[in-house]
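Subject: Structure handover

Dear colleague,

Here is the structure you asked to look at. My notes follow below it.

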Amino acid sequence: MHGEYRCLRCGPVPPLHVPGHIGAEIMASVVERVAAGADPDGRPGMPLWCPWPLPTGWTLTGVAWAGDDRSGVRATAVACAGPAPLDGGPADLLFVAEEPGVGLGSRLAGLPGPDPGPEVAEALADPGPGHPERVPHAKIRVGGHPTPLWLVNSPTDRSAYAGEARGMWLHAIAWPASAGHLLAEEVVLHDLTEWTPPELVYGAPSPYLHGRA
């Protein structure tokens, strides 16, 4: 007997937990669950990266975590939605933090394998044309630190970036692909396990955390 999910391509993977709805009480419960896995020596645990302040008109639309009672939390995802930066249509953004080898960010980004390492290495060597157009590497602030994200070769219905923060993989995935231009603006990610702003506005549950990705 084992507690892992079984992926036909990747083998055992940590179980993914996605609340059916989102709101202040649900977020508080997930924050408590994720924060409980922090290192007792005081080193930071798994973060819940969320844009804060949220871009104008955006809401928080979902949260998820991967892991079990034996292994603890090994990945987290936060979803938000709002108007796209170019045409004002609907857009969705997911931010995933995970340990190496978990594969949640790669799955949502539509990448093969459990880690974006090969994609990031390719982007560093030759960024190539982005989609929908050649997109420069994004530079955002994560936990107060400038953090580069590299565009990776996701399916054309989305744009996906990958990088590193706190020694873990950080993924930013946007639908539609043009919504990735939001990352060219001044995006600041805050760890909700350190402080959850009471002013957070919650929206309808993200379809991308519930299997549409």
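In which strand is G72 found? G72 belongs to strand β6. This is a predicted model, so please read what follows with that in mind. Leaving aside its neighbours within four places in sequence, G72 is in contact with A66 and G67. G72 also lies 9.4 Å from P14, C-alpha to C-alpha, with their positions 58 residues apart in sequence.

The sheet

The strands form an open sheet of 10 with mixed pairing, in the order β3-β5-β6-β7-β11-β10-β9-β8-β12-β4. At the edges stand β3 (16-17) and β4 (49-51); each has a single partner strand, so one side of each is left without a neighbour in the sheet. The partner of β3 is β5 (residues 59-68), and the two pair in the antiparallel sense over two bridges. In one of these bridges L16 is matched with A66 of β5, and A66 is also one of the contacts of G72 named above.

Strand β11 (168-175) has eight of its eight residues buried. On one side, strand β7 (residues 90-98) pairs with β11 in the antiparallel sense over seven bridges, and V96 has H171 as its bridge partner in β11. Strand β10 also pairs with β11 in the antiparallel sense, over seven bridges; here A165 has M168 as its bridge partner.

The helices

Two helices lie across parts of this sheet. Helix α1 (residues 24-35) crosses β5 and β6 (72-83), running at about 35 degrees to β5. Helix α3 (residues 117-125) lies across β9 (145-152), β10 (159-165) and β11, and runs at about 95 degrees to β9.

Which residues of α3 are buried? They are E119, V120 and A123. These residues cover an arc of only 95 degrees around the axis, which puts them on the same side of α3. In general, an α-helix has 3.6 residues a turn, so residues three or four places apart point the same way. The cover over the buried residues of α3 includes β9, β10 and β11. P118, L124 and A125 are exposed, and they sit on the face of α3 turned away from its buried side.

The aromatic pair

There is one aromatic pair by the rule used. W175 and Y208 are stacked, at 3.9 Å centre to centre and with 10 degrees between the planes. The pair links distant parts of the chain: W175 is in strand β11, while Y208 is in the segment after β12 (188-191), 33 residues apart. Both W175 and Y208 are buried.

Backbone points to check

Most residues other than glycine have a negative phi, and most peptide bonds are trans. The following places depart from that pattern. The peptide bond from W175 to P176 is cis, with omega near -15 degrees, and P176 lies in the loop between β11 and β12. W52 and P53 are also joined by a cis peptide bond, with omega of about 0 degrees; P53 is in the loop between β4 and β5.

What phi does R166 take? R166 has a positive phi of about 55 degrees although it is not a glycine. R166 is located in the hairpin of β10 and β11, which has two residues between the strands. With a relative accessible area of 32%, R166 is partly exposed.

Regards

Note on methods
Residues are numbered from 1 along each chain as its sequence is written. This is a predicted model: local features need pLDDT of at least 70, side-chain atom pairs count only at pLDDT 80 or more; totals for chains, interfaces and linings use all residues. Side-chain values use heavy atoms; hydrogens and water are left out. Two strands pair if DSSP finds at least two bridges between them. Helices (H or I, at least four residues) and strands (E, at least two) are DSSP runs, numbered from the N terminus. Contact means heavy atoms within 4.5 Å. Axes are lines fitted to C-alpha atoms, for helices over the stretch in contact, and angles run from 0 to 180 degrees between N-to-C directions. Buried means under 20% relative accessible area, exposed over 50%, partly exposed in between (1.4 Å probe, protein chains only). The arc is that of the directions from the helix axis to the C-beta atoms. Rings of Phe, Tyr and Trp (its six-membered ring) pair if their centres lie within 6.5 Å; planes under 30 degrees apart count as stacked, over 60 as edge-to-face and the rest as tilted.
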